[in-house]
Amino acid sequence: MQSFKLQVVAEVERGELSIRGTLRKYGIQSHSTVLGWLRKYGTYANAIAERVNGILKQEFLLEEYNCDMLTLKAIVKESVAIYNTNRPHLSCYMLTPEQMHRQQGLIRPTYSKAKPANEMLAGSNKINNFVSSIL
């Protein structure tokens with residue numbers, strides 16, 4: 001059964017099938033079943049973990065600390081708080097993630113289909129006006 005799940009996950013991650021396509025092809029009853037398999041067996045979660053690990057090592061020099069696990073956990077917790085509340089992010093229009101989640105005027109980036117250039121320019125003017133108004 002696990003090899004079947006891994007096969008389905010591999011097909012979805014390679015883009016050969018959509019989640020809906022896997023439901024039809026294999027007769028799987030629930031969309032959430034495939035999502036669960038993707039979370040458990042997919043590489044997406046691993047990529048996120050690797051990104052977080054890299055940020056902790058590169059930006060917060062986590063490897064430099066020679067301390068016990070309890071202290072290290074506290075350092076990681078503090079680093080994540082700084083990352084989310086003090087550090088502006090380019091993907092958040094130079095706001096912190098906390099500011100980005102609290103605001104209502106900006107459209108959060110989705111990283112999906114590319115927009116036509118005229119829509120992107122119109123959107124960037126709105127973004128610049130909004131950011132200027134809150135700074």
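**Exercise 1. State how much surface the protein exposes and what share carbon and sulfur atoms supply.**

Solution. The protein exposes about 10,300 Å². Carbon and sulfur atoms supply 56% of that area. The areas come from the Shrake-Rupley method with a 1.4 Å probe. This is a predicted model, where local features need pLDDT of at least 70, side-chain atom pairs count only at pLDDT 80 or more, and totals for chains, interfaces and linings use all residues. Residues are numbered from 1 along each chain as its sequence is written, and side-chain values use heavy atoms, with hydrogens and water left out.

**Exercise 2. List the elements of the protein and give the buried percentage.**

Solution. Start with the elements. There are seven helices and zero strands. Helices are DSSP runs of H or I with at least four residues, strands are runs of E with at least two, and numbering starts at the N terminus. Read from the N terminus, the order is α-α-α-α-α-α-α. Now the burial. Of the 135 residues, 25% count as buried (under 20% relative accessible area).

**Exercise 3. Describe how helix H1 packs on helix H2.**

Solution. First, find the helices: H1 covers residues 2-13 and H2 covers residues 19-26. Next, take the geometry. Their axes, lines fitted to C-alpha atoms over the stretch in contact, are 10 Å apart. The angle is about 140°, on a scale from 0 to 180 degrees between N-to-C directions. H1 is therefore oblique to H2. Angles under 35 degrees count as roughly parallel, over 145 as roughly antiparallel, 65 to 115 as roughly perpendicular, and the rest as oblique. Then list the contact residues (heavy atoms within 4.5 Å). H1 gives Phe4, Gln7, Val8, Glu11 and Val12; H2 gives Ile19, Thr22, Lys25 and Tyr26. Sort them by class: five nonpolar, two polar and two charged. Here Ala, Val, Leu, Ile, Met, Phe, Trp, Tyr, Cys and Pro are nonpolar, Asp, Glu, Lys and Arg are charged, and the others, Gly among them, are polar.

**Exercise 4. Decide whether Glu11 is buried or exposed, and name its contacts.**

Solution. Locate Glu11: helix H1 holds it. Check its relative accessible area, which is 7%, so Glu11 is buried. Set aside neighbours within four places in sequence. Glu11 then contacts Glu16, Leu17, Lys25 and Tyr26.

**Exercise 5. Describe how H2 meets helix H3.**

Solution. H3 spans residues 31-41. The axes of H2 and H3 come within 9 Å and cross at roughly 115°. So H2 is roughly perpendicular to H3. Ile19, Thr22 and Leu23 of H2 touch His31, Val34, Leu35 and Leu38 of H3. By class, this contact has five nonpolar, two polar and no charged residues.

Definitions and conventions:
Buried means under 20% relative accessible area, exposed over 50%, partly exposed in between (1.4 Å probe, protein chains only).
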